[in-house]
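Here are my notes on the model, as numbered points. Please read them with the structure open.

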Amino acid sequence: MLREVGGDLALEEDWPEPTGSAVAVRAAGVNFADVLIRRGLYPQMPELPHVLGNEVAGELDGRRVLALPRAAGGYAERVEVDPQWTFTLPENASFAAGASFLTTYLTAYIPLVHQVRVTPASTVLVHAGSGGVGCAAIQLAKQRGAKVIATASSDEKRAFALGVGADEAVGYDEIDDLRVDVVIDPVGGEVFTRSLPLLNPLGAIVAIGFAGGLWSDPSVQWLVGRNAAVVGVYLGRLMKLQPQLVHESAIELLALWARDELAPVVGATFPLGEAAAAHALIETRRHVGKVVLEP
Ligand SMILES: NC(=O)c1ccc[n+]([C@@H]2O[C@H](COP(=O)([O-])OP(=O)(O)OC[C@H]3O[C@@H](n4cnc5c(N)ncnc54)[C@H](OP(=O)(O)O)[C@@H]3O)[C@@H](O)[C@H]2O)c1
């Protein structure tokens with residue numbers, strides 16, 4: 001439970017039981033948005049007090065499911081879910097992997113399928129390739145046959161990105177000579193600005209997040225001159241305005257996972273009572289893959 005911006009994430013014993021369809025949470029994914037909400041930096045701040053957690057896996061009426069609870073609340077033993085955003089967990093998948101799947105893979109998949117062109121002839125640059133969205137983007141771009149170059153901030157993280165499937169992994173200070181067709185960018189800030197000149201004609205950069213700082217607006221004149229595009233993706237708003245498209249994408253992704261063409265990467269698990277330590281791991285940039293809480 002988050003009572004104030006910057007506050008601790010304390011366990012509360014006396015919290016109202018969820019009404020309606022409630023999942024017994026076995027794993028809750030920690031997303032970067034949770035960290036931003038706790039810091040008071042998320043553009044759509046919820047009212048406090050607030051139970052964080054917009055992604056869970058667990059049991060519902062004897063089914064093993066993964067779900068995106070609409071009103072968050074996933075850092076809990078039970079959370080109310082919307083049947084529309086509740087899916088069957090693939091056989092043999094762990095709950096931790098289930099809580100690591102929907103947000104990151106949908107965020108990478110929707111632009112790769114609907115907003116940019118990726119063919120086996122494409123080269124895709126994935127920034128922060130060892131992070132949650134980054135791992136998903138590497139796997140999805142490889143699944144579409146592209147060559148993938150990942151960035152990451154340390155040797156260990158670059159080795160991790162190669163293990164996830166990237167063809168090459170480089171530091172952020174080694175990108176300037178690259179030429180690529182698509183950039184997947186969950187980092188923003190200076191990394192976004194420095195990535196624009198890397199685009200081949202008809203290339204596009206997908207702006208996803210600002211983990212490394214807010215964006216500077218690109219020049220439209222420059223984009224016109226270079227035949228380049230900047231596209232944005234914001235999953236939360238798309239779930240509200242184009243739920244059918246997001247739902248179909250989730251079903252398509254689950255089918256890929258069931259065929260072992262994707263493999264969500266759980267980098268660390270923490271007991272629910274250690275949510276603050278899980279956040280600290282992400283804030284200090286020491287995690288790889290997804291961080292998961294287990295009640
Ligand atoms: N638009 C959407 O709908 C949507 C959906 C999901 C996530 N997002 C956003 O996408 C971004 C990535 O999310 P995620 O779940 O993949 O998070 P994540 O696993 O924590 O990855 C963030 C990555 O950013 C890199 N990074 C660069 N500068 C950083 C800094 N100053 N502090 C912390 N990390 C920094 C880190 O990798 P290195 O250390 O290798 O640089 C880290 O692995 C976040 O901004 C998140 O809010 C957006």
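1. Start with the ligand. A shell of 27 residues surrounds it; a residue is near a molecule if its C-beta atom, placed from the backbone, lies within 6 Å of it. The closest are G131, G132, S153, G209 and G212. Three elements give two or more residues to the shell: α1 (32-39), α3 (102-114) and α4 (132-143). Helices here are DSSP runs of H or I with at least four residues, strands are runs of E with at least two, and both are numbered from the N terminus.

2. A word on the basis. This is a predicted model, in which local features need pLDDT of at least 70 and side-chain atom pairs count only at pLDDT 80 or more, while totals for chains, interfaces and linings use all residues. Residues are numbered from 1 along each chain as its sequence is written.

3. What is the class make-up of the shell around the ligand? The shell has 14 nonpolar, eleven polar and two charged residues. Ala, Val, Leu, Ile, Met, Phe, Trp, Tyr, Cys and Pro count as nonpolar; Asp, Glu, Lys and Arg count as charged; the others, Gly among them, count as polar.

4. Next, the domains. The assignment gives domain 1 (22-101 + 264-294) and domain 2 (104-236). These bounds come from an automatic or database domain assignment. Why does the ligand lie between the two domains? Domain 1 and domain 2 both give residues to the shell, so the ligand lies between them.

5. The C-alpha centres of domain 1 and domain 2 are 25 Å apart. Seven residues of domain 1 are in contact with eleven residues of domain 2. Contact means C-beta atoms, placed from the backbone, within 7 Å. On the domain 1 side, the touching residues are four nonpolar, one polar and two charged.

6. Now the antiparallel strands. β1 (residues 22-30) pairs with β2 (residues 56-60) over four bridges, in the antiparallel sense. Two strands pair if DSSP finds at least two bridges between them. Opposite A28 stands V56 in β2. β2 also pairs with β3 (residues 63-67), again antiparallel, over five bridges. There, A57 has L66 in β3 as its bridge partner. β2 and β3 form a hairpin with two residues between them. In the turn, D61 has a positive phi of about 50°.

7. Which order do the strands of the open sheet follow? The six strands run β8-β7-β6-β9-β10-β11, with parallel pairing. β8 (168-170) and β11 (229-232) stand at the edges with a single partner strand each, so one side of each has no neighbour in the sheet. The twist averages 20° from one strand to the next. Axes for such angles are lines fitted to C-alpha atoms, for helices over the stretch in contact, and angles run from 0 to 180 degrees between N-to-C directions.

8. At one edge, three bridges join β7 (residues 147-151) to β8 in parallel. A150 stands opposite A169 in β8.

9. Finally, two residues to look up. E4 lies in the segment before β1. E4 counts as exposed because it has 10 C-beta neighbours inside 10 Å. The cut-offs are 20 or more other C-beta atoms within 10 Å for buried, 12 or fewer for exposed, and partly exposed in between, with C-beta atoms placed from the backbone. E4 and P49 are 45 residues apart along the chain, yet their C-alpha atoms are separated by 6.8 Å.

10. L245 lies in helix α9 (residues 243-258). L245 is partly exposed, with 14 other C-beta atoms within 10 Å. L245 and H114 are 131 residues apart in sequence and 9.9 Å apart in space, C-alpha to C-alpha.

Key: Two residues are in contact if their C-beta atoms, placed from the backbone, lie within 7 Å.
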